[in-house]
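Dear colleague,

Please find below the structure that I am handing over to you. My notes on it follow directly after.

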Amino acid sequence: MSVDKNTVAKIASLARIRLDEAQGEALAGELSNILGWIEQLSELDTEGVEPMTSVVSMTLPLREDAVTDGGYPDKVTANAPEAAHGFYAVPKVVE
Amino acid sequence: MSELTNLTIAGARDLLEKGETSARELTEAHVAAVEAARPLNAFITETPEKALAMAEASDKRRAAGEAGLLEGLPIGMKDLFCTEGVLTTAGSHILDGFHPTYESTVSGNLWNAGAVMLGKTNLDEFAMGSSNMTSFYGGVENPWRRAGDNRPLVPGGSSGGSASAVAARCALGATGTDTGGSIRQPAAFCGIVGMKPTYGRCSRWGVVAFASSLDQPGPMARTVQDTAIMLRAMASYDPKDSTSVDAPVPNYEAAMTGDIRGMKIGIPKEYRLDGMPDEIEALWQQGIKWLEEAGAETVEISLPHTHYALPTYYIIAPAEASSNLARYDGVRYGLREPGESLDEMYEATRGKGFGAEVKRRVLIGTYVLSAGYYDAYYNKARRVRSLIARDFAQAYESVDAILTPTAPSPAFGLGDKMDDPIAMYLNDVFTVPASLAGLPGISIPAGLSKDGLPLGLQVLGKAFDEETLFKVAGALETAAGFDALPGFLAA
């Protein structure tokens with residue numbers, strides 16, 4: 001599978017990563033190589049094999065649906081680049 | 001290297017118990033060693049004041065008769081574990097200035113057991129790498145050099161800072177995390193012991209996530225016994241990690257009886273790679289002989305899907321990483337690059353904050369999970385992963401443990417393989433299959449290459465049978481009698 005510059009730009013936009021022209025060019029080559037190498041999995045017949053969901057056979061534990069933590073917005077937002085009044089602050093999203 | 005910094009964890013524990021040294025004295029020696037080892041760049045953050053305060057508190061606890069399992073023992077903490085109030089970077093620019101307001105379960109368990117934190121060790125960015133070269137804080141040097149060649153070598157990765165620090169005698173032990181080999185490969189490169197527990201044995205809570213279905217914290221130290229002592233303190237059932245196993249933590253150290261008579265050890269024929277250096281093959285054969293001499297029976301086994309493990313890993317790990325790393329958006333922590341709109345701010349922040357390898361993996365992950373490719377790549381890989389796990393399950397019907405080399409080469413030069421991602425990924429060819437199957441593995445230093453560099457052998461065990469793993473590794477360690485020292489030792 002070969003990936004071109006436009007495909008890289010499309011995935012980068014899905015992943016919200018800004019790339020410059022040179023990075024996009026380089027990544028098209030690198031991703032094509034990696035995906036080409038990964039392609040060898042298609043040799044294997046996996047008909048009827050269940051996709052793995054968990055490496056350890058265990059049932060996910062359930063707990064009571066109750067609040068167990070919280071009530072300290074200042075602590076939660078302590079590392080935010082910008083916070084105000086106990087909220088995260090972001091650039092304007094609504095005109 | 002002082003007498004105190006060359007101790008094993010077990011040896012230091014005995015001296016402390018006998019009152020022949022104090023946590024303070026032991027910690028002062030290690031704080032000085034960490035400083036002396038700065039040229040290695042093994043630590044991103046040194047915490048000498050915290051270490052001394054923890055040591056004093058430890059001596060008080062001991063005096064009050066309340067000594068824990070690791071009471072007063074100074075260790076390094078991989079900078080992937082969140083430590084309350086102490087800068088936690090994951091080796092990434094995007095976590096600039098992040099001071100967690102909470103403690104990871106594993107690091108908390110270690111402090112509760114009395115361990116002393118020397119600092120946060122360097123690593124590949126978000127644990128993505130096999131050389132420690134992808135760290136935003138710069139590469140780490142391996143304290144070993146080739147005989148007659150002064151060029152610096154990588155310590156392996158991603159837990160390269162931890163491996164380098166332990167090998168150079170600036171910490172008695174250190175934590176690592178292993179997703180595809182990130183504890184075992186650097187341990188092999190630096191001539192120390194590195195152990196990856198069964199997935200679910202140690203809590204992942206508070207460990208910066210890379211690939212959640214694979215990530216597993218584990219101990220790194222200079223002897224098998226020391227890793228056994230550390231693991232007992234690190235492991236616990238943790239309701240905050242839904243994949244944490246609710247099973248008692250055994251006394252792993254007690255399991256190391258040295259008696260492996262009658263045990264069956266599998267030798268997987270598919271691990272004999274074309275073009276593998278002769279010295280790796282020779283060491284492997286030597287390991288087989290050692291186990292046989294100790295009374296074990298070795299049998300050839302087949303793990304037929306081994307060849308497909310790396311490509312499977314390079315779909316699953318990036319897919320999970322692309323999802324896990326979505327949280328780094330310039331809103332909640334770390335770096336923010338300004339943008340006119342929210343989307344532009346995200347793109348600018350992530351474009352600037354992630355390094356080349358992280359971008360590569362997030363993009364591969366995004367691609368294999370995107371509409372139209374999800375089934376062909378991601379689901380295909382999850383099916384192959386089931387086959388790989390089945391290979392091991394079938395092998396373990398007839399053997400107790402498996403012996404393989406840890407890595408296909410000794411440590412390589414700083415900066416080598418950087419322009420060829422696939423060549424770099426091949427470092428993990430022997431460690432990735434067990435990671436995909438969630439199984440425990442340990443690397444022990446077993447010999448030297450012709451250039452005088454350490455080489456590791458890997459023992460793999462059954463799920464949650466770390467006791468057998470430590471027992472076999474201990475017997476192998478005794479037989480190997482590895483006592484070579486790196487060229488650089490912290491003064």
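Leaving aside its neighbours within four places in sequence, which residues is B:Thr47 in contact with? In this predicted model, the residues in contact with B:Thr47 beyond that sequence window are B:Val86, B:Met117, B:Leu118 and B:Gly119. B:Thr47 itself sits in the loop that runs between strand S1 (43-46) and helix H3 (48-63) of chain B. With a relative accessible area of 9%, B:Thr47 falls under the 20% cut-off and is therefore buried.

This residue belongs to a stretch of chain B that carries an annotation. An unreviewed UniProt entry lists residues 25-469 of chain B as "domain: Amidase". Over residues 25-469, chain B is 36% helix and 14% strand, and the C-alpha atoms at the two ends of that range are 34 Å apart.

I turn next to the interface of the two chains. Contacts involve 65 residues of chain B and 49 residues of chain A. Together the two chains bury about 5,000 Å², and 70% of this area is on carbon and sulfur atoms. Between chain B and chain A, 18 residue pairs are in polar contact, counting those with both residues at pLDDT 80 or more. On the side of chain B that touches chain A, the elements giving two or more residues are helix H10 (309-324), helix H11 (342-353), helix H12 (356-369), helix H13 (374-395) and helix H14 (421-425) of chain B. The largest share of that side comes from H13(B), with 12 residues.

The interface also holds 3 salt bridges. One of the salt bridges joins B:Asp343 to A:Arg16, with the closest N and O atoms 2.8 Å apart. A:Arg16 follows helix H1 of chain A and has a positive phi, near 55°.

Helix H1 (residues 5-14) of chain A deserves a separate paragraph. A:Val8, A:Ile11 and A:Ala12 are buried in this helix. Seen down the axis of H1(A), the buried residues fall within an arc of 100°, so they line one face of the helix. A:Asn6 and A:Lys10, on the other side of H1(A), are exposed. What lies over the buried residues of H1(A)? The cover includes helix H2 (21-38) of chain A together with helix H12 (356-369) of chain B. H12(B) is thus also among the elements listed above for the side of chain B that touches chain A.

With kind regards

Key: Residues are numbered from 1 along each chain as its sequence is written. Chains are lettered from A and ligands numbered from 1 in the order in which they are written. This is a predicted model: local features need pLDDT of at least 70, side-chain atom pairs count only at pLDDT 80 or more; totals for chains, interfaces and linings use all residues. Side-chain values use heavy atoms; hydrogens and water are left out. UniProt positions are given in the numbering used here, feature names are shortened, and annotations may be inferred rather than shown by experiment. Helices (H or I, at least four residues) and strands (E, at least two) are DSSP runs, numbered from the N terminus. Buried means under 20% relative accessible area, exposed over 50%, partly exposed in between (1.4 Å probe, protein chains only). The arc is that of the directions from the helix axis to the C-beta atoms. Contact means heavy atoms within 4.5 Å. Buried area is the accessible area (1.4 Å probe) that two parts lose on being put together, summed over both. A salt bridge is a side-chain nitrogen of Lys or Arg within 4 Å of a carboxyl oxygen of Asp or Glu. A polar contact is a pair of N or O atoms within 3.5 Å; within protein, one must be able to donate a hydrogen and the other to accept it, and residues adjacent in sequence count only if both atoms are side-chain atoms.
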